[in-house]
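Here is a friendly walk through one protein fold. Have the sequence and the coordinates open as you read.

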Amino acid sequence: EIVTLGEKKIVGVSARTGNAESDMMAIIGGLWQQYYEGKVCQKIKAKVSDYAYGIYSEYRGETYLVTVGAEVSELNENEELNTLIIPKGKYAKFQVIGDMVKDVADAWAQIWQMDLKRTYTADFEEYVAYDGTNSTVNIYIAIEE
């Protein structure tokens, strides 16, 4: 499905990694652990929903910035955390229902094989309902207008 989204303001925790990095999964997993177990999610002010976001942005060669966070109405209320703006634009949307780790990873493997006209501005996962093996996750890939 092709959708047009408005800008989203995100606050959370970030790290740089890449698919070729041997510790990529540990880095991304560590951000999610910090977000939930480190109680970052409870510290975020001005949240617009309970959805969690995994954002991939600032692509440089084989690396990118990963941010795990929440959408907020105001960025300046969360000064101790990283901030990011997902730009408005056109996105290819993929909905994944199932296992939060395995099925999302499988969806990404399929997306990487597709001939999408990607802009590499910001791609993201929107965790609408997360319950281990019965989750709903929307994956958005930024594409050309």
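What follows covers the sheet, the helices laid against it and the nonpolar cores.

## The sheet as a whole

Please keep in mind that this is a predicted model. How are the eight strands ordered in the open sheet? Reading across, the order is 1-6-8-7-3-4-2-5, and the pairing is antiparallel. The edges belong to strand 1 (2-5) and strand 5 (82-86), each of which pairs on one side only. If you fit axes to the strands, neighbours in this sheet are turned by 35° against each other on average, with direction ignored.

## Strand 3 and its two partners

Strand 3 is a good place to zoom in. On one hand, six bridges join strand 3 to strand 4 in the antiparallel sense, and within this pair Tyr53 stands opposite Gly69 of strand 4. These two strands form a hairpin with two residues between them. In the turn, Gly61 has a positive phi of about 60°.

On the other hand, strand 3 is joined to strand 7 by six bridges, again antiparallel. Here Gly54 stands opposite Glu125 in strand 7. Strand 7 (residues 122-129) also pairs with strand 8 (residues 135-143), antiparallel and over five bridges. Look for Glu126, whose bridge partner in strand 8 is Asn138.

## Helices against the sheet

Which strands does helix 1 lie across? Helix 1 (residues 24-36) lies across strand 2 (8-18), strand 3 (52-60), strand 4 (63-72) and strand 7, and runs at about 145° to strand 2.

Helix 3 (residues 102-113) lies across strand 3, strand 6 (89-98), strand 7 and strand 8. The angle between helix 3 and strand 8 is about 25°.

## The nonpolar cores

In soluble globular proteins, nonpolar side chains tend to be buried together. The largest nonpolar core in this model has 29 residues. Those that touch the most other members are Ile28, Tyr35, Ile44, Val104, Trp108, Ile139 and Ile141. Strand 2, helix 1, helix 2 (40-43), strand 3, strand 4, strand 6, helix 3 and strand 8 each supply at least two residues of this core. There is also a second, separate core of 12 residues, with Val3, Tyr91, Phe124 and Tyr140 among them.

Trp108 deserves a closer look. What does Trp108 contact, leaving aside its neighbours within four places in sequence? The partners are Tyr56, Asp123, Glu125, Ile139 and Ile141. Of these, Ile139 and Ile141 are listed with Trp108 among the core residues that touch the most other members, while Glu125 is the strand 7 residue that stands opposite Gly54.

Definitions and conventions: Residues numbered from 1 in each chain as written. Predicted model: local features only at pLDDT ≥ 70, side-chain atom pairs only at ≥ 80, totals over all residues. Heavy atoms only, no water. Pairing = 2+ DSSP bridges. Helix = DSSP H or I, 4+ residues; strand = E, 2+ residues; numbered from the N terminus. Axes fitted to C-alpha atoms, helices over the stretch in contact; angles between N-to-C directions. Contact = heavy atoms within 4.5 Å. Core = buried A, V, L, I, M, F, W, Y, C linked by side-chain atoms within 4.5 Å. Buried < 20%, exposed > 50% of the residue type's maximum accessible area, 1.4 Å probe, protein only.
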